[in-house]
Amino acid sequence: MKNIFKHIKSGAILIALLHIVSCQDAIDIEQPGRLLAENTFRNISDLEGGLYGVYSGLDYSDEIRISSVFCDEAARGVGSGGQGRDLLNHTLVSDSEDPEDIWNRKYLNIASINRVLAAAENIERADDPNTDNVDEAVLYDSIIGQLHAIRAYLHFSLLTYFTTDYTDDNALGVILLDFVAEIGETRTRSTNGEIYTFINADLDKAVPLISTTSNNPIFVSQDFIKALRARMALYREQYALANTLATELLNDYPIANRTQYFNMYLDNDNTEVIWKLDRTISDGWNGGGRSGGGRIGELFNFSNTTTAGAPFLEMGRDVFNQLDVNDVRYSVNVDPTAVIDPDYSNSTNFFNSDILPIRKYPGSEGQDLMNDLKIFRSSEMLFIKAEALAATNDLAGAATLIHQLRIARYDPNGPDIPTLPVYTSQEEAFGDIMDERRIELVFEGHRWVDLKRLGARANRVMVRDAKDCELTNACSLSSTDHRYTLPIPLSEINVNSAIGAQQNPGY
């Protein structure tokens, strides 16, 4: 990581070990890591290394993959050897790889945080000669605050994928893990209300401990906390709170212009970026492979984003048809080597006559396909505000925001400059907001969640072009389908009998 990896110390070595030891379930992380913690975390400097180790273990590629491939963002590519076939076929069962990856990775991250927090209880907030003359108490507090905020984020990430209804506090959520568990210990799923309460408590602990002036987008900041709360409030349909938080962030993070937007996906501009996961040549995410050490662009391409890079997944034709060449998002998402068949719907050789490589993650630092993962951006905050306004019947206010974003993305000297939309109903507003989110946030891990939480009210469903689903017949999916809630992984159920009766509906 550009600014993190070079700082990793002995604490991060422990975190790496914790990610290697076997994990039998969400709670049962093997004991050796705890013994290592007692010997490794001896001072504030070690705790700082542990924090950097936590950062180095965070990932979002599994969420991007399931949102892109299960939904209607990606389609089988010219270089396909069967990659993503189950998701393209809408096959999700309790032993599917993707739900297990999300579940296990997040709980391993949380377990690592809990070990560092536990070790911190035995370390004095006092002078420490190993902290390079930084105020030790301030550094200690910052470490603890960031750990609590990241743990809150991870619990919300889990809840996003494994609960049936974000707005129902009584619905089953996920396992609340706020302690270092004993071997063989099990827990059942907490309710959404209990998880939300815990998340807010963790964020409340973090707020007074984290600097109010730091805004480096690769570290947790006060703005990270605000963005997480804004997204969570939107999902819970707490629109007044969502509007307030999103407005505050938009005041501090302007919408990028066309040049800034293009450079953001080369990792050369952070105008819109509130928080991202940093990726660099020297870190553990530059090892190749679909996930668990791979570059993010390898979700779609073998070697680079060109047609010569043998894309095994390409942009779905339906979402491609929504893009305008005068919109900078076309250039960001469609590689210039794309082969575009104007009569593709009648083609008898579609997979070779119409090739749409995904350019969203072209690479950085001279390394193809390696890019930072943008988690919170100001454009998402604009959508949050627009949706909150529409939900409270300020349809004109919502339309003004969507128009603002479109104008920022279009060539001011090109044809067809976007006009101000006019919404006559909430459904129409929600639908247009979803359509714009689909383009703006494509391949960033939002589509699956948007269809689940807003699809019915927006009258939108997952839809693929008929040519993309000729081989699967998985052309559409109702937004109320049970597969918009992931199954609790079978591997968890097999070793955690307490959760066996709490499987999600439909599995």
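# A guided tour, beginning at helix α17

Begin by selecting the buried residues of helix α17, which are A429, F430, G431, D432, I433, M434, E436, R437, R438, I439 and E440. Because eleven of the 15 residues of α17 are buried, the helix is largely enclosed by the rest of the structure. Keep in mind throughout the tour that this is a predicted model. If you now select the two ends of α17, at residues 426 and 440, you will find their C-alpha atoms 21 Å apart, which agrees with the 21 Å that 15 residues should span at 1.5 Å a residue.

**The whole chain**

Zoom out next and colour the model by secondary structure, which comes to 19 helices and eight strands. The protein has 507 residues, and 61% of them count as buried. Looking at contacts between residues at least 6 apart in sequence, one finds that 73% join residues at least 24 apart.

**From α17 to E380**

Return to R437 in α17, one of the buried residues of that helix, and from there select E380, which touches R437 as well as R231, I375 and H446 when residues up to four places away in sequence are not counted. E380 belongs to helix α15, which runs over residues 378–391. Is E380 buried or exposed? Its relative accessible area is 2%, under the 20% cut-off, so E380 is buried.

**The largest cavity**

Two of the residues that E380 touches, R231 and H446, also belong to the next selection, since they help to line the largest cavity. Select the complete lining: Y60, E63, Y153, F156, S157, T160, Y161, R231, Y235, G445, H446 and V449. Two elements each give two or more residues to this lining, namely α7 (136–162) and α9 (222–235). Which of the elements gives the most? It is α7, with five residues. Colouring the lining by residue type will show six nonpolar, four polar and two charged residues. The space in this cavity is about 110 Å³, and the structure holds four cavities of 30 Å³ or more.

**Aromatic pairs**

Y161, which is part of that lining, leads to the next stop, the aromatic rings. A search of the whole structure finds 21 aromatic pairs. One of them joins Y161 and W448, whose rings are stacked, 4.8 Å centre to centre and with 20 degrees between the planes. Since Y161 lies in helix α7 and W448 in helix α18 (residues 447–458), the pair ties together parts that are 287 residues apart in sequence. Y161 is buried, with a relative accessible area of 3%, and W448 also counts as buried, at 0% relative accessibility.

For a pair with another geometry, select F224 and W275, whose ring centres are 4.7 Å apart and whose planes stand at 75 degrees, so the pair is edge-to-face. F224 lies in helix α9 and W275 in strand β2 (residues 273–277), so this pair ties together parts that are 51 residues apart in sequence. Both F224 and W275 are buried.

Now go back to Y161 and W448 and add F70 and Y484 to the selection, because these four residues are to be viewed together as one aromatic cluster.

**V69 in helix α4**

Beside F70 in the sequence is V69, found in helix α4, which covers residues 61–70. V69 is buried, with a relative accessible area of 1%. With its neighbours within four places in sequence left aside, V69 is in contact with A74, G84, L87, L88, L313 and R464. It is also worth drawing a line from the C-alpha atom of V69 to that of M315, for these atoms are separated by 9.7 Å although the residues are 246 apart along the chain.

**Two exposed asparagines**

The tour ends in the loops. Select N393, in the loop between α15 and α16 (395–409), where the backbone has a positive phi of about 70 degrees although the residue is not a glycine. N393 is exposed, with a relative accessible area of 56%. The last selection is N473, in the loop between β7 (462–463) and β8 (476–477). N473 has a positive phi as well, of about 60 degrees, and is likewise not a glycine. With a relative accessible area of 66%, N473 is exposed.

Technical notes: Residues numbered from 1 in each chain as written. Predicted model: local features only at pLDDT ≥ 70, side-chain atom pairs only at ≥ 80, totals over all residues. Heavy atoms only, no water. 1 Å grid on protein atoms, 1.4 Å probe; cavity = no way out; pocket = protein on both sides within 12 Å on 5 of 7 lines; lining within 4 Å. Points joined across faces, edges and corners; volume = space filled by probe spheres on them. Helix = DSSP H or I, 4+ residues; strand = E, 2+ residues; numbered from the N terminus. Nonpolar A, V, L, I, M, F, W, Y, C, P; charged D, E, K, R; others polar. Buried < 20%, exposed > 50% of the residue type's maximum accessible area, 1.4 Å probe, protein only. Contact = heavy atoms within 4.5 Å. Expected span 1.5 Å × (residues − 1). Phe/Tyr/Trp six-rings, centres within 6.5 Å; stacked < 30°, edge-to-face > 60°.
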